[in-house]
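Here is a short walk through one protein structure. Keep the sequence and the 3D view side by side as you read.

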Amino acid sequence: PAAPDGPGDDQPQFITTELIQRYLDENQQLILAILENQNIGKLQECAQYQQRLQQNLMYLAAIADAQPSP
């Protein structure tokens, strides 16, 4: 099934395990970057990473909500 447009995408993508894994991997990197920047007081960078993380989480939630119930 086609997914809604992901953050920053200009065309729909087909949902694959690889696509979801890419978002999960990016989220892990974003969380680590947020923690690192918090520790050194770079709050502006934290806000940017948090915004991207929120977009990714909303996108993954939309994919999960669109899946049929078992």
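Start with Glu26, which is partly exposed at a relative accessible area of 27%. Keep in mind that this is a predicted model. Which residue does the side chain of Glu26 meet in a salt bridge? The partner is Arg52, at 2.9 Å from N to O. Arg52 is partly exposed too, with a relative accessible area of 26%. Both values fall between the 20% limit for buried and the 50% limit for exposed, so both residues count as partly exposed.

Now place the two residues. Glu26 sits in helix α1 and Arg52 in helix α2. The pair therefore ties together parts that are 26 residues apart in sequence. The count of salt bridges comes to one.

A second link involves rings. Searching the whole structure turns up one aromatic pair. Its members are Tyr23 and Tyr59. Their ring centres are 4.7 Å apart, and their planes make an angle of 40°. Why is the pair called tilted? An angle under 30 degrees would count as stacked and one over 60 as edge-to-face, so 40° falls in the tilted class.

This pair also links distant parts of the chain. Tyr23 belongs to helix α1, which covers residues 17-39. Tyr59 belongs to helix α2, which covers residues 43-66. The two tyrosines are 36 residues apart.

Are these tyrosines buried or exposed? Tyr23 has a relative accessible area of 6%, so Tyr23 is buried. Tyr59 has 4%, so Tyr59 counts as buried as well.

Next, follow helix α2 itself. The helix has 24 residues. From its first C-alpha to its last, α2 reaches 34 Å. That is close to the 34 Å expected at 1.5 Å a residue.

Tyr59 has buried company in α2: Cys46, Leu53, Asn56, Leu60 and Ile63 are buried there too. What covers these residues? The cover over the buried residues of α2 includes α1. A general rule helps when reading such a list. An α-helix has 3.6 residues a turn, so residues three or four places apart point the same way.

Finally, turn to the surface. Ile31, Leu32 and Leu35 form a nonpolar patch there. Together they have about 260 Å² of accessible area. Leu35 lies in helix α1. With a relative accessible area of 43%, Leu35 is partly exposed.

Notes:
Residues are numbered from 1 along each chain as its sequence is written. This is a predicted model: local features need pLDDT of at least 70, side-chain atom pairs count only at pLDDT 80 or more; totals for chains, interfaces and linings use all residues. Side-chain values use heavy atoms; hydrogens and water are left out. Rings of Phe, Tyr and Trp (its six-membered ring) pair if their centres lie within 6.5 Å; planes under 30 degrees apart count as stacked, over 60 as edge-to-face and the rest as tilted. Helices (H or I, at least four residues) and strands (E, at least two) are DSSP runs, numbered from the N terminus. Buried means under 20% relative accessible area, exposed over 50%, partly exposed in between (1.4 Å probe, protein chains only). The expected span of a helix is 1.5 Å times one less than its number of residues. Contact means heavy atoms within 4.5 Å. Patches are made of residues with over 30% relative accessible area and no salt bridge: like charges are joined within 9 Å, nonpolar side chains (Val, Leu, Ile, Met, Phe, Trp, Tyr) within 5 Å. Accessible areas come from the Shrake-Rupley method with a 1.4 Å probe; for residues, only the protein chains shown count as cover. A salt bridge is a side-chain nitrogen of Lys or Arg within 4 Å of a carboxyl oxygen of Asp or Glu.
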